[in-house]
Amino acid sequence: MELTTDVIVIGAGHAGVEAALACARMGLDTVLFTLSLDSIANMPCNPSVGGTAKGHLVYEIDALGGEMGRVADKVALQSRTLNLGKGAAVHSKRIQADRIKYRQLMKEVIEHTENLRLIQSEVTEILTEDFNENGYEKKITGVITHLGEMWKCKAVIVCTGTYLAGRIFVGDVNYPSGPDGMTAAEKLTKSLADNGVKIMRFKTGTPARVKKSSINLSELEIQPGEDYIVPYSFATDPKTANSIKQLPCYIVYTNENTHRIIRENISRSAMYSGKIHGTGPRYCPSIEDKLVRFADKERHQLFVEPMGENTEEMYIQGFSTSLPADVQYKMLRSLKGFERAQIMRYAYAIEYDCADPLQLFATLEFKKISGLYGAGQFNGTSGYEEAAAQGLVAGINAVLKIRHREPMILKRSESYIGTLIDDLTTKGTSEPYRMMTSRSEYRLLLRQDNADCRLTPIGREAGLVSDAQYEYYTQKRKLEIAEVERLENTYISKEKASDFLQSRGKEAAKSGISLADLIRRPDFSYEETAELDKDRPELPRGVIITVETDIKYEGYVKKQLNEVARKSKLDAKKLSPDVDYEQIKGLRIEAAQKLNKVKPLTIGQASRISGVNPADISVLLIYFGIK
């Protein structure tokens, strides 16, 4: 069979669904291939959405017109905002999700999206032809499936997750498999390599799932949800979000006996027996790796979290391992409250193939193969949120290219998504990349509460933000601007201000003061000044958070904006992707080699490449006549 479509997306994980939905919603005929219709948007690891920096990504995905936040809001079992004891820049929302409902809802969304066909089949080969133009060597013409179907298309987005040549490891046992016992994709790696794609081998893992009724939960610390929930998505009514019955999570700790069991059996771990060769995630290590790396710690904190509303499965976050089944039982039963624990799914490590992201432009298109895009763990990242963000960007850019429009390249200064992609395509990664707030130099600008302000206009221009979403954004922004202006211009008399301050153990006011200046003080919040503000309008919680943060951090925000303006001048200076840097006199050999490998699109991107120093940038500015 020979069939035709505009865009083919390979893999229906978190990257694949966002890529496919973006292409279809922007009007292109799209085919989404998956190895199993039962594993769409699966959560083979922790059934949660968000977390430190990851919550920021979910808000940004929603602001651009993506789907993850909408579905996450609908299946939330518990919501918490992390890092509330720190500054507003690192406050990050995280929800515990009903894994089965998330999968079902996302499948339903895909099935009811126009221009989108969902097919259970394995893509085994990508088809290309020679194409010597703008630095490309080939261009995509189609794909072939394991059933012999040939699909012609204009673009292919590879979102294979951990399925590509996946291999499961539990102690001495290992076998070909995708996550959760799904079939691995065994043949596509060869086709990609044959087309010049450089392949890497990474590893990740997951802990055991334990039957809830076999745990003595009364022995564990309870971790409740937060009192008020601010949804991820503009489309979620806050009243609906706050009407859910939040399920508790729990905390337990490893102990001396747990550590003894692990140390005595560590040679039986697939990680330490030499069977695993892929590189694992630095910031999500297995429990045996934690014991080796943090040998001085007497205990490690574990989180016991529900997998869904109607299942007995509980997820033990922080207890990932590749130790054998018998050791897994001993480890678990050494924990307080787990003396009679029953394992429902064993922990495992999984190795998989992925691509070196230095081969990609910031659009997530391969530099040498026109029309071929990568997204998600295929690009060397870890995490559902990082995957979904990349899928959305790849999908948008595939459509824009087919329509001969300017690409959407997000800057480091305007989004965590831009930071993520810039890190991958400029610096590369030697291990599964995880987004963290510390990776951004602009994190006070990139708060989760202002994601809509930063990105909704960009999503609108790209063609993915609906009229309803844009109207919501414009109205919310009007409320924020108006309230900041009102607070700046509402003054409290010296007497009233003094009474207010002295009742809280502070010095009396020396003069009248504006409400905004009171809120700027570290001691006071927007809510605390309500008694002085009788005409205060009733505003949504999300608006209040942004207003208070904008006022409190105004000075710091201005400094970061000045830094953005300074650095943006370098990012405005374009470079051609087909320059041979080894022909430029004055460049150091290392710099020329790195520049040729990355092929930066701007002077700013070139300046962020490891091995390129300020002197090399000066050479480039002179060579290209850039002032």
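Helix α18 spans residues 589-598, and A591, A592, L595, N596 and V598 are its buried residues, where buried means under 20% relative accessible area, exposed over 50% and partly exposed in between, with a 1.4 Å probe and protein chains only. Those buried residues pack against α11 (416-427), α19 (603-607) and α20 (614-623), contact meaning heavy atoms within 4.5 Å. Helices here are DSSP runs of H or I with at least four residues, strands are runs of E with at least two, and both are numbered from the N terminus.

This is a predicted model, in which local features need pLDDT of at least 70 and side-chain atom pairs count only at pLDDT 80 or more, while totals for chains, interfaces and linings use all residues. Residues are numbered from 1 along each chain as its sequence is written, and side-chain values use heavy atoms, with hydrogens and water left out.

**Two helices and what follows them**

- Right after α18 comes K599, with a positive phi near 55°.
- Helix α2 (residues 54-63) has 10 of its 10 residues buried, so it is largely enclosed by the rest of the structure.
- The buried set in α2 includes the charged-type names K54, E60 and D62, along with G55, H56, L57, V58, Y59, I61 and A63.
- After α2 you'll find G65, and its phi is positive too, near 105°.

**The whole chain**

- Secondary structure adds up to 20 helices and 25 strands.
- The radius of gyration is 26 Å, close to the 25 Å that the globule rule gives for 627 residues, so the chain is as compact as a globular protein of that length. That radius is taken over C-alpha atoms, and the rule is 2.2 Å times the number of residues to the power 0.38.
- Along the principal axes, the C-alpha atoms fill a box of roughly 80 × 70 × 50 Å.
- Of the 627 residues, 57% count as buried.
- Take the contacts between residues at least 6 apart in sequence: 72% of them join residues at least 24 apart.
- The accessible surface comes to about 26700 Å², and 50% of that belongs to carbon and sulfur atoms. Areas come from the Shrake-Rupley method with a 1.4 Å probe, and for residues only the protein chains shown count as cover.

**Strand β9 and its neighbours**

- Strand β9 (residues 136-145) pairs with β8 (residues 123-133) in the antiparallel sense over 8 bridges; strands count as paired if DSSP finds at least two bridges between them.
- E133 has Y136 in β9 as its bridge partner.
- The β8-β9 hairpin leaves 2 residues between the strands, and N134 in the turn has a positive phi of about 55°.
- β9 also pairs with β10 (residues 150-152), antiparallel over 3 bridges, and here I144 has M150 in β10 as its bridge partner.
- The β9-β10 hairpin has 4 residues between its strands, with G148 in the turn at a positive phi of about 90°.
- With β22 (residues 369-370), β9 pairs in the parallel sense over 2 bridges; K139 has S370 in β22 as its bridge partner.

**Salt bridges**

- The structure holds 51 salt bridges, each one a side-chain nitrogen of Lys or Arg within 4 Å of a carboxyl oxygen of Asp or Glu.
- D194 and K190 form one of them, their closest N and O atoms 2.8 Å apart. Both sit in helix α5 (residues 188-194), 4 residues apart, about one turn of the helix.
- K190 counts as exposed because its relative accessibility is 58%.
- E480 and K476 meet in a salt bridge at 2.6 Å, N to O. Because they are 4 residues apart in helix α13 (residues 467-488), about one helical turn separates E480 and K476.
- Both E480 and K476 are buried.
- E554 and R520 form another salt bridge, with 2.7 Å between the closest N and O atoms. This pair links distant parts of the chain, 34 residues apart: E554 is in helix α17 (residues 554-571) and R520 in helix α15 (residues 515-520).
- E554 counts as partly exposed at 29% relative accessibility, and R520 is partly exposed with a relative accessible area of 25%.
- Salt bridges that share partners also join R412, D422, D423, K427, E441, D571 and R608 into one network.
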